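Could you open your viewer and take a short walk with me? We will select a few things in turn and look at what is there.

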Amino acid sequence: MAIPDDPRPRGRTVLPWLVACLFALATLGLVVAQAILLLSRWDFGIRETRPTFTSTGPTIVQLERLQYLVSTRVHVADVLVGESRWLESSWIIQGDALLAVDMSKAEIKDRNEQARTALIVLPQPAVLSARVNHERTQQWDIKSRSWIPMASLLLGNRTAMEKQAMLQAQQLVERAAGSDDNKATARQGVEGMLTEFYRAVGWHISVRWK
């Protein structure tokens, strides 16, 4: 004998189970989220902390890495006069030079970690590079030193005089750039740079010159 089909629709039987499963999953998700939130507020010694930074202050290694600390560029303008047996000439010299401090010779004294203060002893500034601006340098005048007509043209060596003049011009620029006033300006520049640099990381330094 055939068993008659259940007249009740299957969808009405499955739907309550589906609703119950979705409710259980939602409840489980809520419980897991609450557990994660609670665990994040507890410190078990493994949670990441906010980073902190400190400065070690001035060290010899740091200063040596600066190599030559350039603080001043000097522009030089002067008149150079040259004489030989037969010729006399003059040039208007234009040039510039850099003044720098050799940081490999720096010393650190009176370093106080708690007060974050230190004394840096530096050598005197010196001319690092000097150059003649050949584009702006010009010969002003050249004339004979002899009363003999045409003697300077026949016996004078203008090419040699000009060559020696440019060598002397290089030394002139270097000497002028290395004057006491320019060195004083360079010292002030270096002190300002070092003071501001270490002040930014919480250190107060003073500079003394050898």
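Start by selecting Asn 182, Ala 186, Val 190, Leu 194 and Tyr 198 in helix α5: these residues are buried (under 20% relative accessible area with a 1.4 Å probe, protein chains only). They share one side of α5, because they cover an arc of only 120 degrees around the axis, taken from the directions from the helix axis to the C-beta atoms. An α-helix has 3.6 residues a turn, so residues three or four places apart point the same way. Now turn to the other side of α5, where Asp 181 and Gln 188 are exposed (over 50%).

A word on what you are viewing: this is a predicted model, in which local features need pLDDT of at least 70 and side-chain atom pairs count only at pLDDT 80 or more, while totals for chains, interfaces and linings use all residues. Residues are numbered from 1 along each chain as its sequence is written, and side-chain values use heavy atoms, leaving out hydrogens and water.

Next, select Phe 197 and Tyr 198, an edge-to-face aromatic pair (ring centres within 6.5 Å, planes over 60 degrees apart). Their centres are 4.9 Å apart, with 85 degrees between the planes.

Move on to helix α4, residues 158-177. Which residues are buried in α4? They are Met 161, Ala 165, Ala 169, Leu 172, Val 173 and Ala 177. These cover an arc of only 120 degrees around the axis, so they lie on the same side of α4. Show β1 (68-83), β2 (87-102), β5 (126-132) and α5 too: the buried residues of α4 pack against them (contact means heavy atoms within 4.5 Å). Finally, on the face turned away from the buried side of α4, find the exposed Lys 163 and Arg 175.

Terms used
Helices (H or I, at least four residues) and strands (E, at least two) are DSSP runs, numbered from the N terminus. Rings of Phe, Tyr and Trp (its six-membered ring) pair if their centres lie within 6.5 Å; planes under 30 degrees apart count as stacked, over 60 as edge-to-face and the rest as tilted. The expected span of a helix is 1.5 Å times one less than its number of residues.
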